[in-house]
Amino acid sequence: MASVEHTDGEVLAGGDGVRRRDFINIAAVSFAGVGAVAVVLPLIDQMNPSADVLALASTEVDLSDIQPGQAIKTTFRSQPLFVRQLTEKEIAEADKVDPSTLRDPQTLEERTVDGKKQWLITMGVCTHLGCVPLGAGEGENRGEYGGYFCPCHGSSYDTAARIRKGPAPKNLEVPKFSFTSDTAILVG
Ligand code: FES
């Protein structure tokens, strides 16, 4: 078997170009790579949200006890959340408004899920300075547009929770949500 002289003068066995020292170096680097992965994985794992954090990030709401015309207040990510079932009349009132006349133009369709227009899910946080509007609780003042009324500075929201009067600049925010069944939603 012929020997091959390497450029640094080291003689290589068999001419296959793999020196023993190279092999040891490759093995050491490979081992270091495994070590790095082993260190990185726990770090990534630590960065993943835990189950209780994920639970806080989303809220499941049971709709089965909310009758047409009723609303409930719950919380989503530690902020008030309003879940309301609109009546046919409230839907008609929202639909008859020309959205181009609104401060924050949106239709009820755009604020609800296809085929489930009666379910209005919004944050319960006034878009002026963050007070909690009235209207989700039993017997509370819903303001002159029948939706929600913020007593702090008099903002009135309509039955699609769109701003109609007062200093609030935007409609009540609709969070991301989806139906998990006919009678339940997952917010977040
Ligand atoms: S915070 Fe609602 S009107 Fe000012």
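**Exercise 1. Count the disulfides, then find the cysteines that form the bond.**

Solution.
- Start with the count: the structure, a predicted model, holds one disulfide.
- Apply the cut-off: the two cysteine sulfur atoms must lie within 2.5 Å.
- Cys-131 and Cys-152 are joined, with an S to S distance of 1.9 Å.
- Next, place the pair on the chain. Cys-131 sits in the loop between strand E6 (119-123) and strand E7 (146-150). Cys-152 sits in the loop between E7 and strand E8 (155-158). The two are 21 residues apart, so the bond links distant parts of the chain.

**Exercise 2. Decide the hand of the disulfide between Cys-131 and Cys-152.**

Solution.
- Take the torsion about the S-S bond: about -100 degrees.
- The disulfide is therefore left-handed.

**Exercise 3. Sort Cys-126, Cys-150 and Cys-152 as buried, partly exposed or exposed.**

Solution.
- Set the limits: buried is under 20% relative accessible area, exposed is over 50%.
- Cys-126 has 3% relative accessibility, so this residue is buried.
- Cys-150 has 2%, so this one is buried too.
- Cys-152 has 37%, so this cysteine is partly exposed.

**Exercise 4. Work out the layout of the sheet that contains E3, E11 and E10.**

Solution.
- Write the order: E3-E11-E10, three strands in an open sheet with antiparallel pairing.
- Find the edges. Strand E3 (59-62) and strand E10 (177-181) each have a single partner strand, so one side of each lacks a neighbour in the sheet.
- Add the twist: neighbouring strands are turned by 25 degrees against each other on average, direction ignored.
- Check one pairing. E3 meets strand E11 (residues 184-187) in the antiparallel sense over four bridges. Glu-60 stands opposite Leu-186 in E11.

Note on methods: Residues are numbered from 1 along each chain as its sequence is written. This is a predicted model: local features need pLDDT of at least 70, side-chain atom pairs count only at pLDDT 80 or more; totals for chains, interfaces and linings use all residues. Side-chain values use heavy atoms; hydrogens and water are left out. Buried means under 20% relative accessible area, exposed over 50%, partly exposed in between (1.4 Å probe, protein chains only). Two strands pair if DSSP finds at least two bridges between them. Axes are lines fitted to C-alpha atoms, for helices over the stretch in contact, and angles run from 0 to 180 degrees between N-to-C directions.
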